[in-house]
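Trainee: I am new to this one, and I would like a close look at one part of it. Could you walk me through it slowly?

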Amino acid sequence: KDCDRRHTYYFKLPSFLTWDQFETTTIDIRNNSGYKTYDVAQAAIYDKSGIAEFVRVYDPGTDLEGLQLLRQKYHTEIQSR
């Protein structure tokens with residue numbers, strides 16, 4: 001959860017996605033899910049191991065269950081590629 005921006009959350013991705021891969025994955029998830037009212041963006045931070053890839057989620061109506069579902073969908077899509 002972002003401490004400065006309300007309704008903004010992050011989850012880590014298991015691997016790097018190019019912009020095209022991120023866009024395609026996001027569209028696939030949105031079109032094949034009942035969970036559609038959110039905004040996402042790519043995010044990255046540096047940590048001890050290097051660059052860590054994240055998805056930034058903005059959704060005033062979400063809860064932990066919705067975020068976990070979205071995270072799982074991204075992980076599943078990435079692993080199936």
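Trainee: What share of the accessible surface of the protein chain belongs to carbon and sulfur atoms? And, as my close look, which residues touch the most other members of the largest nonpolar core?

Mentor: Happy to help! This is a predicted model, in which local features need pLDDT of at least 70 and side-chain atom pairs count only at pLDDT 80 or more, while totals for chains, interfaces and linings use all residues. Residues are numbered from 1 along each chain as its sequence is written, and side-chain values use heavy atoms, with hydrogens and water left out.

Your surface question comes first. The protein chain has an accessible surface of about 5500 Å², and carbon and sulfur atoms hold 51% of that (by the Shrake-Rupley method with a 1.4 Å probe; for residues, only the protein chains shown count as cover). Of the 81 residues, 36% are buried, meaning under 20% relative accessible area, with exposed over 50% and partly exposed in between (1.4 Å probe, protein chains only).

Next, the layout. Reading from the N terminus, the order is β-α-β-β-α, which gives two helices and three strands (DSSP runs numbered from the N terminus: helices are H or I with at least four residues, strands are E with at least two). The radius of gyration is 12 Å, close to the 12 Å of the globule rule for 81 residues, so the chain is as compact as a globular protein of that length (taken over C-alpha atoms; the rule is 2.2 Å times the number of residues to the power 0.38).

Now for the core itself, a set of buried Ala, Val, Leu, Ile, Met, Phe, Trp, Tyr and Cys residues joined through side-chain atoms within 4.5 Å. The largest one has 15 residues, and Val40, Val55, Val57, Leu70 and Tyr74 touch the most other members. At least two residues each come from β1 (8-12), α1 (19-31), β3 (50-58) and α2 (64-79). With four residues, α2 supplies the largest share.

Let's zoom in on Val40. Setting aside neighbours within four places in sequence, Val40 is in contact with Phe22, Thr26, Arg30, Val55, Arg56, Val57, Leu70 and Tyr74, where contact means heavy atoms within 4.5 Å. Across the protein chain, 61% of the contacts with a separation of 6 or more join residues 24 or more positions apart.

For another view, try Tyr58, which sits in strand β3. Tyr58 is partly exposed, at 35% relative accessible area. Beyond its neighbours within four places, Tyr58 is in contact with Arg6, His7, Thr8, Tyr38 and Asp39.
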